[in-house]
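Subject: Structure handover

Hello,

Here is the structure we talked about. Please open it alongside this note. My findings follow below.

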Amino acid sequence: MKHRLVAASIVSLVFLSCIGCNQKPRSVEVEAEQLESTGTNTTPAATPADHEPIRNTSPEGSSMDPSSNAIIVFDGSGSMAGEPIEQAKRAVGSFVARAPQELNIGLVVFDNSRPDGKEVLPLGRGEDQRQMLKEQIIQIRAGGGTPLGSAIKIGTDSLIKQFQKQLRYGDIRLIVVTDGAASDMEIFSRSIQYAQEYDVPIYTIGFRIASSHPLRQFSEAYFTANDEAQLLSAMEETLAELDDSTSLDL
């Protein structure tokens, strides 16, 4: 009985082998030619696991941070020469010294040596930062035009960068101290629109100017000051709503 089963198995194997005897094997070359002619892609389909993750656009070192941030734009144009700029420097210096310790403060200046505007000190806090701010304010020398547009753009960029780094937590504000209209009106218009698009609030203090400043209509709050004491008071008013959070459309 065992021999018969073995024999039957052998016959079956021979029969199955013969079925394929008349079929010629397809060469690799033929398959490649057919695939090439039909445009068939032999690359395996990508699976969800093959896709790269969404790129993280937050700056390195980002973290949830509820800190408040203020950039001061200081107008050191030629029209501020004499007593006005000395009063302004003393008032801004006092504001820096009296501001809340947890407030990050930065400084953008346009003056005789920085005619296009420059961020002379980025946002920071602590005693060392306050001391450096005071030193930078003392060094301001009146001269040149009033490139408010360029200065506002510089300050806005700095605040946007910081707010992204804080993962959109905390508060930001641009505090502008100026005594005249912008001398770069085209850039000024673009910079105002840019700040509005990103919801960067502008707080303007018109210093020793008879009529309201063009920034009035674009400012979150507008103040007038005619002397050192009024300027300091107005700057402190810009922090009155510091607890209100700001949201950037990023």
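Which elements do the buried residues of α3 pack against? They pack against β1 (68-75), β2 (104-110), α4 (127-138), β4 (171-178), β5 (202-207) and α7 (228-237). Buried means under 20% relative accessible area, exposed over 50%, and partly exposed in between (1.4 Å probe, protein chains only). Packing is judged by contact, meaning heavy atoms within 4.5 Å.

This is a predicted model: local features need pLDDT of at least 70, side-chain atom pairs count only at pLDDT 80 or more, and totals for chains, interfaces and linings use all residues. Residues are numbered from 1 along each chain as its sequence is written, and side-chain values use heavy atoms, with hydrogens and water left out.

**Overall**

The chain has seven helices and six strands. Both are DSSP runs numbered from the N terminus: helices are H or I with at least four residues, strands are E with at least two. Their order along the sequence is α-α-β-α-β-β-α-α-β-α-β-β-α. Of the 250 residues, 40% are buried. Among contacts with a separation of 6 or more, 77% join residues 24 or more positions apart.

**Helix α3**

Helix α3 covers residues 83-98, 16 in number. Its first and last C-alpha atoms are 23 Å apart, close to the expected 22 Å. The expected span is 1.5 Å times one less than the number of residues. Its buried residues include Ile 85, Ala 88, Val 92 and Phe 95.

**Thr 204**

Thr 204 sits in strand β5. It counts as buried because its relative accessibility is 0%. Its side chain makes a polar contact of 2.7 Å with that of Ser 219. Such a contact is a pair of N or O atoms within 3.5 Å; within protein, one must be able to donate a hydrogen and the other to accept it, and residues adjacent in sequence count only if both atoms are side-chain atoms. Leaving out residues up to four places away in sequence, Thr 204 also touches others, including Val 176, Leu 215 and Tyr 222.

**The loop between α5 and β4**

Two residues to look at here are Leu 167 and Arg 168. Most residues other than glycine have a negative phi. Leu 167 has a positive phi of about 55 degrees. Arg 168 has a positive phi too, near 70 degrees. Leu 167 is partly exposed, because its relative accessible area is 33%. Arg 168 is also partly exposed, at 38%.

Best wishes
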